[in-house]
Amino acid sequence: CLLGPNVGKGYYNDEKRTRESFVQNPLNGKYREIMYKTGDTVKHCSDDNKIYFVGRKDNQIKHMGYRIELDEIELALNRLDGLSQAAVVHGKINGISQIIATISPENKNKNKTELDEKTVRDNLKEMIPDYMIPTKIFFEDTLPKNANGKVDRRALKDIHFSEPV
């Protein structure tokens with residue numbers, strides 16, 4: 001959240017988003033003090049007393065100058081025939097922004113379309129812009145799951161990226 005005299009008054013002609021993002025500071029019950037919920041996640045480093053940007057709450061990233069919702073790429077992937085599940089993560093390799101998709105094909109015994117990287121890329125190009133096409137696509141029998149049974153994106157990031165975003 002951002003707080004201060006220069007926080008905006010809201011989104012132009014979008015009252016719903018304004019109500020969701022511009023809220024009263026819950027730590028101040030004495031007077032009106034509006035703060036902006038940015039959707040960014042940060043961490044505080046006690047060594048240098050700085051706050052560092054670590055990602056987005058809403059799975060939005062910046063890649064090649066574009067703001068991208070990783071969920072949009074996953075939706076496009078999940079529309080492909082022959083796919084059981086897909087997850088998309090973002091990070092840096094050698095300082096270069098990368099979008100990496102991990103795909104779990106359906107059981108081959110179901111006689112579904114055989115997926116390969118070229119087929120996936122060609123089909124994605126019909127659904128999303130080029131700048132959203134994953135840099136790399138990996139095929140796995142199963143995707144890692146967290147304790148809640150959801151795809152463990154943190155584990156996927158640990159597998160594919162060694163340096164922080």
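The following paragraphs lead through a predicted model of a protein chain, from its overall fold to its aromatic pairs, nonpolar cores and salt bridges.

The protein chain has 165 residues, of which 30% are buried. Its secondary structure comprises four helices and 10 strands. Read from the N terminus, these elements follow the order β-α-β-β-β-β-β-β-α-β-β-α-β-α. When contacts between residues at least 6 apart in sequence are considered, 46% of them join residues at least 24 apart. The accessible surface amounts to about 11500 Å², and carbon and sulfur atoms account for 47% of that area.

A convenient place to begin is helix α1, which spans residues 15-21 and contains Thr18. Is Thr18 buried or exposed? Its relative accessibility is 17%, and because buried means under 20%, Thr18 counts as buried. Beyond its neighbours within four places in sequence, Thr18 is in contact with Lys9, Gly10 and Tyr11.

Helix α1 also holds a salt bridge, in which the side chains of Glu20 and Lys16 meet at 3.1 Å, N to O. Both residues belong to this helix and stand four residues apart, about one turn of the helix. Their accessibilities fall into separate classes: Glu20 is partly exposed, with a relative accessible area of 42%, whereas Lys16, at 52%, counts as exposed.

Tyr11, already named as a contact of Thr18, leads on to the aromatic residues. The structure holds four aromatic pairs. In one of these pairs, the ring centres of Tyr11 and Phe22 are 5.8 Å apart and the ring planes lie at 80 degrees, so the arrangement is edge-to-face. Tyr11 is located in the loop between β1 (2-3) and α1, while Phe22 is in strand β2 (residues 22-24); the pair therefore ties together parts that are 11 residues apart in sequence. With a relative accessible area of 25%, Tyr11 is partly exposed, whereas Phe22 is buried at 13%. These two residues, together with Tyr36, form one aromatic cluster. The ring of Tyr11 also has a charged partner: the charged end of Arg17 sits over this ring, 3.8 Å from the ring centre.

The discussion now turns to the nonpolar interior. Which residues have the most contacts inside the largest nonpolar core? This core has 20 residues, and those with the most contacts inside it are Ile73, Leu77, Ile103 and Val120. At least two residues of the core come from each of α2 (70-78), β8 (83-93), β9 (96-105) and α3 (117-125). Helix α2 gives the most, with four residues. Apart from this core lies another, of seven residues, which include Val89, Ile100, Leu143 and Val151.

Ile103 illustrates the surroundings of one such core residue. Leaving aside neighbours within four places in sequence, Ile103 is in contact with Leu77, Leu83, Gln85, Ala86, Leu115, Val120, Ile137, Phe138, Phe139, Glu140 and Leu143. Two of these partners, Leu77 and Val120, are themselves named with Ile103 among the core residues that have the most contacts. Another partner, Leu143, belongs to the core of seven residues.

Salt bridges complete the account. The structure has four of them, including the one between Glu20 and Lys16 described above. A further salt bridge joins Arg153 to Glu74, with the closest N and O atoms 2.7 Å apart. What does this pair tie together? Arg153 lies in helix α4 (residues 153-160) and Glu74 in helix α2, so the salt bridge ties together parts that are 79 residues apart in sequence. Arg153 is partly exposed, at 29% relative accessibility. Glu74 is buried, with a relative accessible area of 8%.

Arg121 and Glu117 form another salt bridge, in which the closest N and O atoms are 2.8 Å apart. Both residues lie in helix α3, and because they are four residues apart, about one helical turn separates them. Glu117 is partly exposed, with a relative accessible area of 32%. The salt bridges described here thus include pairs within one helix, as in α1 and α3, and a pair that links helix α4 with helix α2.

Conventions: Residues are numbered from 1 along each chain as its sequence is written. This is a predicted model: local features need pLDDT of at least 70, side-chain atom pairs count only at pLDDT 80 or more; totals for chains, interfaces and linings use all residues. Side-chain values use heavy atoms; hydrogens and water are left out. Buried means under 20% relative accessible area, exposed over 50%, partly exposed in between (1.4 Å probe, protein chains only). Contact means heavy atoms within 4.5 Å. Rings of Phe, Tyr and Trp (its six-membered ring) pair if their centres lie within 6.5 Å; planes under 30 degrees apart count as stacked, over 60 as edge-to-face and the rest as tilted. A charge sits over a ring if NZ of Lys or CZ of Arg is within 6 Å of the ring centre and within 35 degrees of the ring normal. A nonpolar core is a set of buried Ala, Val, Leu, Ile, Met, Phe, Trp, Tyr and Cys residues joined through side-chain atoms within 4.5 Å. A salt bridge is a side-chain nitrogen of Lys or Arg within 4 Å of a carboxyl oxygen of Asp or Glu. Accessible areas come from the Shrake-Rupley method with a 1.4 Å probe; for residues, only the protein chains shown count as cover.
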